[in-house]
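Got your viewer open? Let's take a short walk through this one, one selection at a time.

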Amino acid sequence: MRIEFAERVKRLPPYIFAELEKIITEKKKQGIDLISLSIGDPDLPPPPFVLNELKKESSNPKNHNYSLSQGEPEFKRAVAEWYKKRFRVELDPEKEVIALIGSKEGIANITRAFVNPGDRVLVPDPAYPVYANGGTLLSEGIQVPMPLLEENGFKPDFQAITEREAKMAKMMFLNYPNNPTSAVMNKDPLRHVVEFARENNIIVCYDNAYSEVAFDGYKAPSILEVEGAKDVAIEFHSCSKTFNMTGDRIGFAIGNSHIVTGLVKIKSQIDSGPPVYVQKVAVKALETYTDDGEPPEYVKDVNRGYTERRNVLVDGLNSLGFKCQKPLATFYVWLKCGGDSMKFASSLLEAGVVVTPGIGFGRHGEGYVRFSITQPKERIKEAIERIAKAL
Ligand SMILES: Cc1ncc(COP(=O)(O)O)c(C=O)c1O
């Protein structure tokens, strides 16, 4: 029998990191110590109360039935409460909130609800690859890249989008604080996004997964803070980065009730929501924010740690002659290496430091590499010493 992948699967881009991964595996086999600054998965544990609650809730037999496609009522209420405290955004938990098995799943599934084969989707470049692949491509949509250029502060230039492209676009993805560039977007430019989307009838999928990983007093906004955003936007969020719960798979989306309903329709045919006990734990985690929207000590502590790591990395890179800014949010540092990012990453790998080549995030990621500060400060210092020798 000849077994063929579906055309849409065949169209998925080749996995460009295969060659690098082969070298990594080989080096590990040889017992060579590699400092991995490549993955977007925190090295820090979830808060102890989350671990305790997980133990408690998962050992309750009542918490092992199917959840509802839209999520448990108490979870949706907790998300609405959190948005009110943190962003001053009012939400109807019944109609404007949905639980997700991590935000990635929601980002991929939202296209299935609204994108027809051949529909145009505006996708930032460079970007988290799920917008283009798991989302647009697997829904047979056509990706229209929005270059994120350094001269524009890694924000899309809406004036560069032609009237035709804008009119043809059904959906747009946007992500700030941004992976991989670590750029942030304040409320004023978000107003332009909403205006542009309303004028052109475009659904905005705003990925706010990193809003709580912020430094130097920076507070990331929600797009829903902008007047009129609820006409066009859905925002994706998650406990993954805020509470270091990446493997627990708990996220949520909020916003326009019709867009939320579309996502519920898709998900009810595919899954039955995140486990009930994980939703119950997430409720406790979200409740740790104060009424003024201040994060708990745990989140502040984690961010103080990231600030130190960021400083060690950026100061270290700059001492080697690079010109690198200190990001205000995310656990990424986006370094302009110039030229071939795969070659640059390979040379660092030879020195025992693993980073992600920018080309992996899109054509406009070429010339950059992404460092993740998901290693202790001492290891980052050591990485800088290794890079210094390699250069
Ligand atoms: C920009 C961005 N959005 C969403 C996600 C998905 O996170 P999760 O599915 O764990 O909520 C990630 C994960 O790395 C990410 O970098």
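Start by selecting Asn 179 and the ligand: an N or O atom in the Asn 179 side chain is 2.8 Å from an oxygen atom of the ligand. Keep in mind that you're looking at a predicted model.

Next, add Ser 238. One of its polar side-chain atoms lies 2.7 Å from a ligand oxygen atom. Now click on Lys 104, and look at the backbone this time: a backbone N or O atom there sits 2.9 Å from an oxygen atom of the ligand.

How much of the ligand's accessible area does the protein cover? On its own the ligand has 400 Å² of accessible area, and the protein covers 93% of that.

Time to show the whole shell. You should find 15 residues surrounding the ligand, and the closest are Asp 207, Tyr 210, Ser 238, Ser 240 and Arg 249. Colour the shell by class and you get 5 nonpolar, 6 polar and 4 charged residues. Which element gives the most to this shell? That's α5, with 3 residues.

So stay with α5: select residues 103-114, then add helix α9, residues 257-268. The two helices pack with their axes 8 Å apart, at an angle of about 100°. Angles of 65 to 115 degrees count as roughly perpendicular, so α5 and α9 are roughly perpendicular to each other.

Zoom in on where they touch. From α5, the residues in contact include Glu 105, Asn 109 and Phe 114, while α9 brings, among others, His 258, Leu 263 and Lys 267. By class, this contact has 6 nonpolar, 4 polar and 3 charged residues.

Methods
Residues numbered from 1 in each chain as written. Predicted model: local features only at pLDDT ≥ 70, side-chain atom pairs only at ≥ 80, totals over all residues. Heavy atoms only, no water. Axes fitted to C-alpha atoms, helices over the stretch in contact; angles between N-to-C directions. Helix = DSSP H or I, 4+ residues; strand = E, 2+ residues; numbered from the N terminus. Parallel < 35°, antiparallel > 145°, perpendicular 65-115°, else oblique. Contact = heavy atoms within 4.5 Å. Nonpolar A, V, L, I, M, F, W, Y, C, P; charged D, E, K, R; others polar. Near = heavy atom within 4 Å. Polar contact = N/O pair within 3.5 Å; in protein donor to acceptor, adjacent residues only side chain to side chain. Areas by Shrake-Rupley, 256 points an atom, 1.4 Å probe, with all protein chains shown as cover.
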